[in-house]
Amino acid sequence: MAKKDHHAHATPATLALEKAGLPFEPLSFEHDPANHHFGQEAAAALKARGISPDHIAKTLLVETDSGIAVAVLPVTHQLSLKAMAAALRSKRATMCDPAVAERVTGYVVGGISPLGQKKRLPTVVDSSLEGPPAVVVSGGRRGFDISLSPRALARATGAVFAPIARQEQRR
């Protein structure tokens, strides 16, 4: 029965994990189409299930001198573009245009998964996500996330861990 449930949530991300033989847990929640704060929405929905917002990641795309790359960091933090550039041994990094991010990954903004993208891109996961037994990333659709070990995430994406996040600035 559980196998069938996996396929009910089949996305390129879940299919990539299944193909690689990496264990994961699908997590669904009700997505409000009017809400465009996707990370905060996931954090609020999953906190009710006992998952720390510090272990829930957002996936951001950046452009560097050598092309497009993926940043995975806690939803509670902001990306340091300077640190991301350094992790990629690049001179600079800028945020990727959302339309370009969608075209390159094959996912819609708010549902971009670091897993199962059209083409494997250089990926950096914030080092704070290396420690917990499980982290949560987008499963490839708004309202659908995947819980997996940081090691499985790194293996599936070819990611390196580096300190790329900084505390969210309160306004």
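**Notes on Tyr107 and a salt bridge**

1. Let's start with Tyr107: its relative accessibility is 4%, so this residue counts as buried. Keep in mind that this is a predicted model.

2. Where does Tyr107 lie? Look in the loop between α5 (98-105) and β6 (123-126).

3. The side chain of Tyr107 goes for backbone atoms on two sides of the sequence numbering. One is the backbone oxygen of Leu115, reached at 2.7 Å. Another is the backbone nitrogen of Ala13, reached at 3.1 Å.

4. Ala13 and Leu115 also turn up among the contacts of Tyr107 once neighbours within four places in sequence are set aside. The rest of that list reads Pro12, Glu102, Ile112, Ser113, Gly116, Gln117 and Gly140.

5. For a sense of scale, take Arg49, which is 58 residues from Tyr107 along the chain. The C-alpha atoms of the two are separated by 26 Å.

6. Now to charged pairs. How many salt bridges does a search of the whole structure find? Just one. It is formed by Asp65 and Arg92, with 3.5 Å between the closest N and O atoms.

7. What does that pair tie together? Asp65 sits in the loop between β2 (57-64) and β3 (67-74), and Arg92 in the loop between α4 (81-87) and β5 (93-95), so the bridge links parts that are 27 residues apart in sequence.

8. Are the two partners buried or exposed? Neither label fits: Asp65 is partly exposed at 43% relative accessibility, and Arg92 is partly exposed too, at 42%.

Note on methods
Residues are numbered from 1 along each chain as its sequence is written. This is a predicted model: local features need pLDDT of at least 70, side-chain atom pairs count only at pLDDT 80 or more; totals for chains, interfaces and linings use all residues. Side-chain values use heavy atoms; hydrogens and water are left out. A salt bridge is a side-chain nitrogen of Lys or Arg within 4 Å of a carboxyl oxygen of Asp or Glu. Helices (H or I, at least four residues) and strands (E, at least two) are DSSP runs, numbered from the N terminus. Buried means under 20% relative accessible area, exposed over 50%, partly exposed in between (1.4 Å probe, protein chains only). Contact means heavy atoms within 4.5 Å. A polar contact is a pair of N or O atoms within 3.5 Å; within protein, one must be able to donate a hydrogen and the other to accept it, and residues adjacent in sequence count only if both atoms are side-chain atoms.
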